[in-house]
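Thank you all for coming. I would like to take a few minutes to walk through one model, beginning with a single side chain and then moving outwards.

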Amino acid sequence: MQISNMLGLDWLRQNAFVAVFGMAVPTIIFLLFVGYPILYTVYLSFFSWNGADGAKTFIGLQNYTDMWNDSYVWTALKNNFRWLVVTLIFPVVAGYSIAYVLRARLVPFPALVRTVIFFPVTMSLIAVGLMFLLILNPMFGALNVALESLGLGFLIREWFGDHRIAIYTLAFVSGWAFTGMPMIFYFAGLGDVPKETLDAARLEGAGHFRIATRIALPQLRPVTAVVVMLTIFESMRAFDLVAVMTKGAPFGSTTVLGYQVYLESFWNSRVGYGAAISTLILVLSAGLAALVLSRLMKGAFDG
Amino acid sequence: MADVILENIEKTYGGHTVLPNLNLTIEDGEFVVLVGPSGCGKSTTLQLVAGLDTVTSGRILIGGRDVTYAPPKDRDISMVFQSYALFPHMTVEQNIAFGPKLRGEPKGKIAQTVREIAAMLQIDGYLDRLPKALSGGQRQRVALARSLVRHPGVFLMDEPLSNLDAKLRIEARSLLARMHRDLGITTIYVTHDQSEAMTMGARIVVMKDGRIEQADPPLTVYNHPKTRFVAGFIGSPAMNFFDLVATPDGLGDDHGRVRLDRMGTARGKVTVGLRPEHIRLLDKLPGAESRNVVSMTVDVVQRLGNETLLDVVSGPFRAIVRADALAQAEPGQVRQFEFDMNAAHLFSTDDGQRIEAA
Amino acid sequence: MADAANPVTRTNVSRPTTGALKWVMRAPGLFCLGLFLILWMAPILLVLITSVKSNADFLAGPFSLPSALTFAPYKTVWEALGFSTLMINSVIYATLGSALAVILALVPAYALARKNIPGQKIIFALLLTGLMIPQQTVLIPLYDTLRQLSLLDTKLGLIIVHAAYGMPSQVLILRGFMTGIPKELDKAAYLEGASDFQIFSKVILPLALPGIIVGYTLNFIAIWKEFIFGLVFLNSESNFPLTVGMLKLNSDRYMSVFNMPAAGLVISQIPIVIVFILTYRKLSSGQFAGAVKG
């Protein structure tokens, strides 16, 4: 029901102070610190600038054509997608499975499990990076040492040194830290799924796997939409782990778009070019998110 | 105490007209029930009187004052919601005291009023509990207390009993009836339950599609329904209807299943209405001179302990008949039923309006 | 709201549901879960163990238990990197930044939850944009803006930036909680004569408190973890948060002996663990559902 009085002048008069400050201040801060920088970045992408006192020269789409021809950018782009795939498979599936298993009370010590899995989400990526640098160290790291002593020496790799797998190592580490997020979201979402639908399936003799995938998951579309979007954003934004762990090595095989932005803007003094790459990240994120939203959800934002 | 006058009220949402033209006068101290199926406009009407919504056109007067555009707090009204709308984070006492505190009444006076009203509704033992620690019936009384504390001129209630189970509902009905008797506050009560309407109101207003079909005391509505809709809506089990043809010889159908005395001077297609208690199961075969007797097959027998309900059928005609607790009847039997034409109602088959039989 | 004690389904009667046999039957599932647990717990445990080893122990291998517990690595790292200042700074940024984000988000969240604002979908899209920007994207313009406002290398500047970027998710979370509050409560209060602001302060705010706590905690953690803004917008060591200070650990000097980076890691996580313990119950209940539905 509309409380139509409340939108009238009456309300404005009574609440001018709150209305102005309460809405205006956040809006101003948002526009100034979030909106404007984004727009300015896109604007910058059409210029050449060294970031300091050099002139800003308008060069049209030159930066974008340069990107097209830049092999590092292509490697980075492919790496972002590899990152996305790994993050969609590993943390999301693991997160959902754990959430389901917790809700179905299939394990002892649920609180412990939840805490352990969620804890890495709270760790800064520096900490995560350092941690895995220690563990995945080729010579002294716990993983390779363990594999050797278990007789699985053939599985040993240079986790960061081998250019074929380094990016997957990074994506996996990122997934490790991220899993708690989908888990929490799905855990909450499962609590809202009507118990009756699951009971009915149980009565028909369905096993847990079938219930989890065919009955519960379809009812969790809004949650999945949110989770997938977050995953997309995280993958497209990936930067911290690369900066801490590999810095793009070996041979630039682990660079990602975000890292390229950093390199080009701060090390090569090609700020305009960096801005163009940033714009690409934005467009990719927005495009993928829109795709996901339109396919997974109708009316996501109603009510 | 105040009377309520609704004058030419129109309410439209977007393109949809919920109330085309509503006129209703409620006397000071009267207990009026708005009843009707979902979507009939009864809740909308209540919202308009409360001031939670504004009319598209028309006037609302409360206690002689034009309050059409006044905010709720200036209308001298109080409202009890279907879900009670108790503030979950406040104690019972804080809930009741919410309004007076807002209006700046002195603390001592508030505390005293709260205690008095709580005592009257027998919830004074729960004053420092939170709503979630109360039962449904207790919550309802808190909601009542909160609305009483402002000594309103008009009480508005939006299906306040639908969240209670059957037993509590009956107790609550008595509580409300007693309250009205003791305090005499003008009350507008909305419900979809016709039996609730019958037992509670001094006057029932039956609504359909935004229009008032009839506004009369309960027994009048029961015994002299103005339209076929009202006749079928009020009373449980519902009135039985028979679409027949009226001729100078009487009322009947094409196949001779039904032959009844004529009613008044009506001619052509008519609908005859008879309540279940006005159709009598005959034990013995009627004599040749018996009139208004119809042969029907018993379909379902429901024994309630104090009476029996018979589902009967004959061709296109179905009916429910009230019979004795010990009536001898079995499904599949063909039995004779006497129609009490003195208690029969006549309606136009076209527009449902009542046709008075001379 | 969902509650952690709600089981998803009743167990099948034909399978053993009590006693030791129950766990035997579930062995395969438990095995998988065991693997998961190892995967997540092992690294953390390893780091903990490593952090209290002496330099000599390091050579004995990662899985060896320390011959003697020593907190020397902690002490060294703490002093060498100036952890006391770093810690205080991080606490300041996280508590104040998150608080500011929540305060800024309150009224917009209320407006989105209760009023029919024209262009709601656009606003949502804008908020989402705020969530998804990669931070490197806005570094240069933001740097410039801060410079013009003389906020570079100031604690206040970083706090405002964190608040600005935390605000969109706060609005979404708070709005989700607020829409869960029945509108009839608004009406009841309005009936009693409450003004819009009074409805907001006396009805909505108290009932949205769980949401505020959840939002604040999430934001706190996010700011604590953050390091790019700290790295780029600050110059003086006296202003650095933990994450930036810890970068120094990734050098040969420290990485050659694992115990020191490990110790540094652990120290940086202690405050978060405390926050976690304090708010755990609120976070783990179904309160998230309210946020997700938004």
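Leaving aside its neighbours within four places in sequence, which residues is B:E196 in contact with? What we have here is a predicted model, and in it the residues that B:E196 touches, once those sequence neighbours are set aside, are B:L161, B:R169, B:R173, B:Y189 and B:T191. As for its place in the fold, B:E196 belongs to helix 6 of chain B, which covers residues 194-200. The glutamate is buried and yet has no salt bridge, and the nearest side chain of opposite charge, that of B:R173, lies 4.1 Å away. A salt bridge is counted within 4 Å, so the pair of B:E196 and B:R173, at 4.1 Å, is not listed as one. What the side chain of B:E196 does have is a polar contact with the side chain of B:T191, at 3.1 Å.

Let me step back to chain B as a whole. It contains eight helices and 20 strands, and its C-alpha atoms fill a box of roughly 80 × 45 × 35 Å along the principal axes. Of its 358 residues, 51% count as buried, while the accessible surface of the chain comes to about 16300 Å², with 48% of that belonging to carbon and sulfur atoms. If we take the contacts in chain B between residues at least 6 apart in sequence, 66% of them join residues at least 24 apart.

That brings me to the salt bridges, of which the structure holds 25 over all chains. In chain B, the side chains of B:R203 and B:E30 meet in one of them, with an N to O distance of 2.6 Å. This pair links distant parts of the chain, since B:R203 sits in strand 9 (residues 203-208) and B:E30 in the loop between strand 2 (16-26) and strand 3 (31-35), 173 residues apart. B:R203 counts as buried because its relative accessibility is 17%, and B:E30, at 14%, counts as buried too.

A further salt bridge in chain B joins B:R318 and B:D299, whose closest N and O atoms are 2.9 Å apart. B:R318 lies in strand 18 (residues 317-323) and B:D299 in strand 16 (residues 293-303), so the pair ties together parts that are 19 residues apart in sequence. Here the two partners are partly exposed, with relative accessible areas of 45% for B:R318 and 36% for B:D299.

Turning to chain A, we find A:D66 and A:R270 meeting in a salt bridge at 3.6 Å, N to O. Again the pair links distant parts of the chain: A:D66 is in helix 2 (residues 62-69), whereas A:R270 is in the loop between helix 13 (257-267) and helix 14 (271-296), 204 residues apart. A:D66 counts as partly exposed at 26% relative accessibility, as does A:R270 at 34%.

There is also a network of salt bridges, which links B:R103, B:E105 and B:K109 with C:E192.

Finally, a word on the surface of chain A. Which residues make the nonpolar surface patch of about 330 Å²? They are A:V85, A:L88, A:I89 and A:V93. Of these, A:L88 has its place in helix 3 (residues 71-103) of chain A, and it is partly exposed, with a relative accessible area of 31%. Patch residues must have over 30% relative accessible area, so A:L88, at 31%, meets that requirement.

Definitions and conventions:
Residues numbered from 1 in each chain as written. Chains lettered and ligands numbered in written order. Predicted model: local features only at pLDDT ≥ 70, side-chain atom pairs only at ≥ 80, totals over all residues. Heavy atoms only, no water. Patch = residues over 30% accessible without salt bridge, like charges linked within 9 Å, V, L, I, M, F, W, Y side chains within 5 Å. Areas by Shrake-Rupley, 256 points an atom, 1.4 Å probe, with all protein chains shown as cover. Helix = DSSP H or I, 4+ residues; strand = E, 2+ residues; numbered from the N terminus. Buried < 20%, exposed > 50% of the residue type's maximum accessible area, 1.4 Å probe, protein only. Lys, Arg positive; Asp, Glu negative; His and termini not counted. Polar contact = N/O pair within 3.5 Å; in protein donor to acceptor, adjacent residues only side chain to side chain. Contact = heavy atoms within 4.5 Å.
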